[in-house]
Amino acid sequence: MFFHMVLERNMQLHPRYFGPHLHEKLTTKLVKDVEGTCSGKHGFVVAVTKVESIGKGLIREGTGFVTFPVKYQCVVFRPFRGEILEAVVTLVNKMGFFAEAGPVNIFVSNHLIPDDMEFQSGDIPNYTTSDGSVKIQKDSEVRLKIIGVRVDAAEIFCIGTIKDDFLGRN
Amino acid sequence: MTEPFNRLVKLAARAFYDDFTTKGDNQPKTGRSDNRGMAVVVLDALTRRQWVREEDLAKSLKLHTKQLRRTLRFFEEEKLVTRDHRKETAKGAKIFSAAIAAAADGQQVGKEGDEKTKIHTHSYCCLDYAQIYDVVRYRLHRMKKKLKDELDNRNTIQEYICPNCNRRYSAFDAMQLVSMEDEYFHCESCNGELVAESDKLAAEEMGDGDDNSRRRRREKLKDMLQRMEEQLKPLTLQLARVKDLPAPEFGTLQAWEASVNAAGRGGNNNGSATDASKSAQGQGYGGTPMPYIGETKVEVTIFGADVKDEGAETEAATASLKVLPPWMIKQGMNLTKEQRGELRPDAKVDGSEAYRDQSDEKKQEQKQEDVKSLEEEYLTAYYEAYARMLEASKTAQGEAEVSQQSTSSYLNGVSDTNSARQVGMKVKREDDDDGILNELSIVNDPNAQPDGSGDEDDDIDWEEG
């Protein structure tokens with residue numbers, strides 16, 4: 001699920017950037033640093049929408065770097081258990097398949113794939129129903145439900161299922 | 001008071017442990033050596049006892065000690081039973097039997113054991129009611145949770161096992177396990193092919209490939225849940241009944257033994273009894289063949305209750321301040337009454353007995369005889385000397401008089417003579433060597449000067465007369 005929230009970060013700036021456009025330089029640096037990263041607590045930072053405030057800089061001892069506390073608004077993405085997502089299949093395996101929903105990777109094991117779908121190896125490994133109506137292979141879109149979320153310090157990983165109603169393809 | 005708890009234990013035993021065997025799963029020899037249900041028997045037996053030695057339990061249940069031990073070990077792991085292992089001499093083991101008897105009869109079984117210095121490890125076990133209540137509740141909770149999770153499709157995170165090294169992986173680890181050329185997951189350490197683990201209760205229905213199979217699975221689970229609730233209803237009822245009652249608490253093995261010994265001796269001497277039993281336990285504990293004061297107490301009871309009290313008193317007294325033997329007392333030492341052994345006449349008698357109690361039983365009996373004969377000799381000699389001294393002391397005034405108080409502690413009946421004089425007076429003492437007979441000479445010597453004439457007179461008188 002997506003959230004819009006205020007986060008804070010301490011940015012260090014090299015003296016070469018001190019000048020009339022200090023704040024813009026700081027904002028650019030922030031965006032570069034933060035977008036695309038993931039924290040276990042908040043999830044993936046998708047985009048920085050606005051820099052709320054930049055505090056007074058503190059000169060570090062020894063070096064000339066200056067630390068600014070920056071508050072910024074951003075969009076974060078964090079998956080939850082029980083959530084239903086659409087994902088794109090990246091890898092199909094005998095043990096299940098891997099899919100991506102934005103920055104997060106989801107694994108669906110073959111136990112959680114409906115029993116009427118069989119694995120077919122070959123050039124393009126896929127899962128197909130017995131009557132061939134539904135086929136799940138690389139780059140197909142799949143709706144799945146998140147069963148479990150594992151949150152590391154900088155990594156989020158999910159397990160999903162397509163065994164319930166309205167899940168799977170189409 | 002423990003009745004509802006006992007019933008709880010019995011119900012739980014029959015519900016969960018009635019198919020427990022000690023055989024293991026490799027060789028099912030049915031018929032002859034089928035001992036299923038033994039666990040129930042053992043638990044039932046434990047409800048009728050408190051702390052019990054495993055050997056005794058095996059004997060009364062007519063089971064092999066090893067089998068019983070295995071069963072009890074299993075129960076200890078299930079947290080139904082507490083066990084205690086104690087290194088004890090055979091004597092210490094008898095203390096325990098005495099304690100059991102006391103718990104049963106309220107009487108003390110005084111045993112004269114022989115001295116064994118071998119130390120065996122005895123195992124004791126007891127039901128732990130408070131834990132049993134919790135354990136049974138937890139078990140029920142886990143059973144229900146498993147079924148409900150299955151119903152809700154909650155426990156669906158796949159697990160993988162490596163057949164070679166038995167390492168378990170979760171589906172979360174799948175990310176790291178994949179990306180091999182072939183299509184299986186491989187173990188991280190040994191690269192063996194992982195096998196998906198199916199832990200589902202109702203996962204047998206395959207092949208239909210239908211909504212039907214799912215529905216059937218749900219039906220099966222619901223049915224199982226219902227049957228479980230129904231069959232466990234008496235147990236759940238008993239749990240509810242027992243919920244508000246305080247669980248019977250037996251404490252640790254030592255505490256229980258102490259309290260039982262105290263109770264067993266009756267209302268008379270709770271204090272001394274507990275002391276004695278505790279010290280006995282301490283001794284049994286240490287494994288040294290030290291005397292069991294409790295057992296010797298049995299002899300003392302012949303003399304009546306008072307004696308015991310005073311015996312305890314003097315023991316306490318002697319614990320605080322030791323009675324100095326006469327050869328230790330030097331002149332000019334500032335000693336208290338107790339150290340000189342000046343006690344009340346009654347206490348003295350019992351002090352002597354108490355003192356005797358502290359020595360070995362067997363040797364004690366011999367010693368008693370020796371001491372008695374010695375005492376009699378001393379008595380006669382002492383009386384003579386004393387009589388002479390009395391005469392002399394009448395003539396000589398303000399003389400330092402010898403105190404034989406401490407030696408009297410070894411004597412029977414000398415107390416009378418001592419009580420007549422010098423009770424409450426500190427008296428200087430002469431240096432002397434050991435030996436009772438030396439006392440005698442010393443008794444004579446200091447008085448010899450002033451009384452020398454008296455003696456001589458006496459002698460002279462005698463000679464003359």
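I began with B:Lys79, which is partly exposed, with a relative accessible area of 44%. I am working from a predicted model. I looked up where the residue sits: B:Lys79 lies in the loop between α4 and β2 of chain B. I then checked its backbone and found a positive phi of about 65 degrees, although B:Lys79 is not a glycine. I noted this because most residues other than glycine have a negative phi.

I looked for other cases. In chain A, A:Phe166 also came up, with a positive phi near 70 degrees in a residue other than glycine. I located A:Phe166 in the segment after β13 (156-161) of chain A. Is A:Phe166 buried or exposed? I found it exposed, with a relative accessible area of 73%. Back in chain B, I noted B:Lys62, which takes a positive phi of about 60 degrees just after α3(B).

That led me to the helix itself. Which residues of α3(B) are buried? In this helix, residues 54-61 of chain B, I found B:Glu54, B:Leu57 and B:Ala58 buried. They lie on the same side of α3(B), because they cover an arc of only 100 degrees around the axis. I then looked up what covers the buried residues of α3(B). The cover includes the helices α2 (38-47) and α4 (65-77) of chain B. It also includes the strands β1 (52-53), β2 (81-88) and β3 (120-127) of chain B.

Next I turned to the nonpolar cores. The largest has 48 residues. Which of its residues touch the most other members? I listed B:Leu43, B:Leu46, B:Trp51, B:Phe75 and B:Leu127. Apart from this core I found another, of 39 residues, with A:Val92, A:Val108, A:Ile113 and B:Cys162 among them. I followed B:Leu46 further, leaving out residues up to four places away in sequence. Its contacts are B:Val52, B:Leu57, B:Leu72, B:Val81, B:Cys125 and B:Leu127. B:Leu57, one of these, is also one of the buried residues of α3(B).

I looked up chain B as a whole. I counted 20 helices and 6 strands in its secondary structure. Of its 465 residues, 40% are buried. The accessible surface of chain B comes to about 26,400 Å², and 50% of it belongs to carbon and sulfur atoms. Among contacts in chain B with a separation of 6 or more, 69% are between residues 24 or more positions apart.

I then checked the confidence. Chain B averages a pLDDT of 67, and 49% of the residues score at least 70. Over residues 204-209 of chain B the pLDDT is below 50, and this stretch has 9 contacts in the model beyond near neighbours in sequence. I marked residues 267-301 of chain B as well, where pLDDT stays under 50. For that stretch the model has 66 contacts beyond four places in sequence. For the complex, the predictor gives an ipTM of 0.71 and a pTM of 0.45.

My last entry is on strands in chain A. I found that β2 (residues 38-39) and β3 (residues 43-54) of chain A pair in the antiparallel sense over 2 bridges. How many residues does the hairpin from β2(A) to β3(A) pass through? I counted 3 residues. The bridge partner of A:Cys38 in β3(A) is A:Phe44. I also found β3(A) joined by 8 bridges to β5 (residues 66-77) of chain A, and these two strands run antiparallel. Here A:Ile54 stands opposite A:Val70 in β5(A).

Definitions and conventions. Residues are numbered from 1 along each chain as its sequence is written. Chains are lettered from A and ligands numbered from 1 in the order in which they are written. This is a predicted model: local features need pLDDT of at least 70, side-chain atom pairs count only at pLDDT 80 or more; totals for chains, interfaces and linings use all residues. Side-chain values use heavy atoms; hydrogens and water are left out. A nonpolar core is a set of buried Ala, Val, Leu, Ile, Met, Phe, Trp, Tyr and Cys residues joined through side-chain atoms within 4.5 Å. Buried means under 20% relative accessible area, exposed over 50%, partly exposed in between (1.4 Å probe, protein chains only). Contact means heavy atoms within 4.5 Å. pLDDT is the predictor's confidence in each residue, from 0 to 100. Helices (H or I, at least four residues) and strands (E, at least two) are DSSP runs, numbered from the N terminus. The arc is that of the directions from the helix axis to the C-beta atoms. Accessible areas come from the Shrake-Rupley method with a 1.4 Å probe; for residues, only the protein chains shown count as cover. Two strands pair if DSSP finds at least two bridges between them.
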